[in-house]
Amino acid sequence: MKKILTYLIALLSGLFLNASWTIQAQEINLGNGIVINKNVHNFGDILMSDGAVSCVFTVTNGSKKPIVIYNVVTSCGCTEAKWTRNPIRPGEKGKITVTYTNDEGAYSFSKSVTAYVSEVKRPVVLRIKGNTHEKQYSLEELYPLSFGPLALEKNSIRCGNMSQGQMRSNSEMVANLSDRPIRISFENVSDHLEVKVQPNPIPARSTARLHFCITSSPELWGNNEYHATVKVNDKVRSGSNGDRDLIFTAFTIEDFSNATRKDLAEAPLPEVEMSSYDFGVIKKGQPIRASFILSNQGGRPLIFHKVDSDIDGMSHNEVPDLKPGQEFLLKLEFDTCCVPQGDYLALVTLTTNSPSRPYVNLFVTGSVVY
């Protein structure tokens with residue numbers, strides 16, 4: 001159990017993506033009229049024999065004075081970047097060309113590229129992604145989850161972090177397994193979610209891009225699911241795994257981009273006496289009870305926007321706002337009626353108004369026996 005816990009703590013340190021700039025459709029609005037045409041480029045499925053692949057991010061200067069792309073830094077040696085070196089005048093465009101060497105073997109890749117642009121206060125994080133294969137696979141092999149003739153790699157898609165007032169957009173590849181074009185539409189689409197397929201109709205035995213965009217909402221904090229029911233040629237189709245919906249998850253935190261130095265110096269700071277609680281051994285059907293001592297070590301009131309768990313059936317006492325120096329005993333209870341026998345680990349995430357700790361992870365561990 002300790003090994004599992006240590007692994008998950010290390011994994012979670014990189015699980016949540018940094019909050020991105022405001023995104024309109026596939027564009028990144030950097031402010032001052034400066035726009036990049038997309039934040040992610042998905043190469044889709046490529047072969048090792050294809051060799052290096054490249055894409056272009058276009059920077060449009062809609063401001064009133066020239067801008068300069070100072071530098072572009074890639075996340076590893078397998079990714080190279082070239083960019084417009086001359087000043088980009090008002091109304092003109094510059095380019096960031098990113099090349100993936102495609103020589104690391106057959107696997108799914110996701111690489112970040114960080115650009116530094118004048119008149120933009122923060123580094124701009126772009127991303128390339130795709131799937132490299134040793135040989136050509138059939139559409140059925142590449143996209144094992146089918147909704148009738150429409151096929152996907154998976155129907156549950158993680159969208160990472162976003163701040164209040166922002167959007168999160170991305171795309172995934174889908175395929176038409178049939179010998180005729182199919183038209184895709186969606187119903188029962190969750191509020192704050194937009195989803196579409198391009199091209200649509202999808203040509204026979206061909207691929208397309210599933211574009212999605214989630215808009216933050218002041219009523220939604222922490223981890224949330226957004227659903228869309230798939231329709232193929234105007235008919236609802238259930239997936240081969242029994243699901244009828246595509247599920248998108250995004251984690252919403254507070255927007256700290258306008259915080260001053262004074263705000264940061266006096267900000268609330270959540271602390272937990274022990275972040276892991278071991279309940280020992282219990283029998284299935286008995287409730288799991290765990291408690292954590294929370295405190296505010298900062299200079300302003302600490303707000304807990306939401307308490308999430310990765311396991312269904314959790315309840316908790318109401319968490320108040322904490323004044324500086326104040327403590328609170330968080331009490332959690334988990335239902336074990338449908339829990340499998342063996343080691344048990346629940347992740348509980350608290351979403352806060354602390355710039356340095358916008359979320360706090362707690363772990364509940366033990367064993368359930370029948």
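1. A nonpolar core is taken here as a set of buried Ala, Val, Leu, Ile, Met, Phe, Trp, Tyr and Cys residues joined through side-chain atoms within 4.5 Å, where buried stands for under 20% relative accessible area, exposed for over 50%, and partly exposed for what lies in between (1.4 Å probe, protein chains only). The model is a predicted one, in which local features need pLDDT of at least 70 and side-chain atom pairs count only at pLDDT 80 or more, while totals for chains, interfaces and linings use all residues. Residues are numbered from 1 along each chain as its sequence is written, and side-chain values use heavy atoms, with hydrogens and water left out.

2. The largest nonpolar core has 28 residues, and the members that touch the most others are I36, F57, V72, I96 and L126. For L126, the contacts (heavy atoms within 4.5 Å) beyond its neighbours within four places in sequence include I28, I36, F57 and I96, together with K38, N39, K111, S112 and V113.

3. Two of these core residues also face each other as a bridge pair, since F57 has I96 as its bridge partner in β8. Strands here are DSSP runs (E, at least two residues), numbered from the N terminus, and two strands count as paired if DSSP finds at least two bridges between them. On that basis strand β5 (residues 53–61) pairs with strand β8 (residues 93–100) in the antiparallel sense over eight bridges. Strand β7 (residues 79–83) is likewise antiparallel to β8, through five bridges, and K82 has T97 as its bridge partner there.

4. Strand β20 (residues 245–253) deserves a separate look, for eight of its nine residues are buried. Its pairing with strand β13 (residues 156–163) is parallel and runs over six bridges, with S156 bridged to I247. Its pairing with strand β18 (residues 222–232), by contrast, is antiparallel and has eight bridges, one of which sets A228 opposite L246 as its bridge partner.

5. An open sheet of five strands follows the order β11-β12-β14-β17-β16, with antiparallel pairing. At its edges stand β11 (145–147) and β16 (193–198), each of which has a single partner strand, so that one side of each is left without a neighbour in the sheet. Neighbouring strands of this sheet are turned by 30° against each other on average, direction ignored, the axes being lines fitted to C-alpha atoms and the angles running from 0 to 180 degrees between N-to-C directions. Within the sheet, strand β14 (residues 167–176) and strand β17 (residues 206–215) are joined antiparallel by ten bridges, and N176 is the bridge partner of S206 in β17.

6. In the loop between β17 and β18 lies S216, which counts as buried at 11% relative accessibility. A polar atom of the S216 side chain is 2.7 Å from the backbone nitrogen of G165. Apart from its neighbours within four places in sequence, S216 is in contact with M162, S163, Q164, G165, Q166 and T252.

7. A further open sheet has four strands in the order β22-β28-β27-β24, with mixed pairing. Its edge strands are β22 (276–283) and β24 (304–309), and because each has a single partner strand, one side of each is left without a neighbour in the sheet. The average turn between neighbouring strands is 20° in this sheet, direction ignored. Six bridges join β22 in the parallel sense to strand β28 (residues 359–369), where F363 is the bridge partner of S276.

8. S295 is found in strand β23 (residues 288–296) and, at 8% relative accessibility, counts as buried. Not counting residues up to four places away in sequence, S295 touches L269, P270, E271, L302, L322, Q326 and E327.

9. The cysteines call for some care. The structure holds one disulfide, a term that requires a pair of cysteine sulfur atoms within 2.5 Å, and this bond joins C76 to C78 with an S to S distance of 2.5 Å. C76 is partly exposed, with a relative accessible area of 24%, whereas C78 is buried at 4%. The sulfur of C337 has its closest cysteine sulfur in C338, 3.4 Å away, which is too far for a bond. C337 counts as partly exposed at 41% relative accessibility, and C338 is exposed, with a relative accessible area of 70%.

Definitions and conventions:
Polar contact = N/O pair within 3.5 Å; in protein donor to acceptor, adjacent residues only side chain to side chain.
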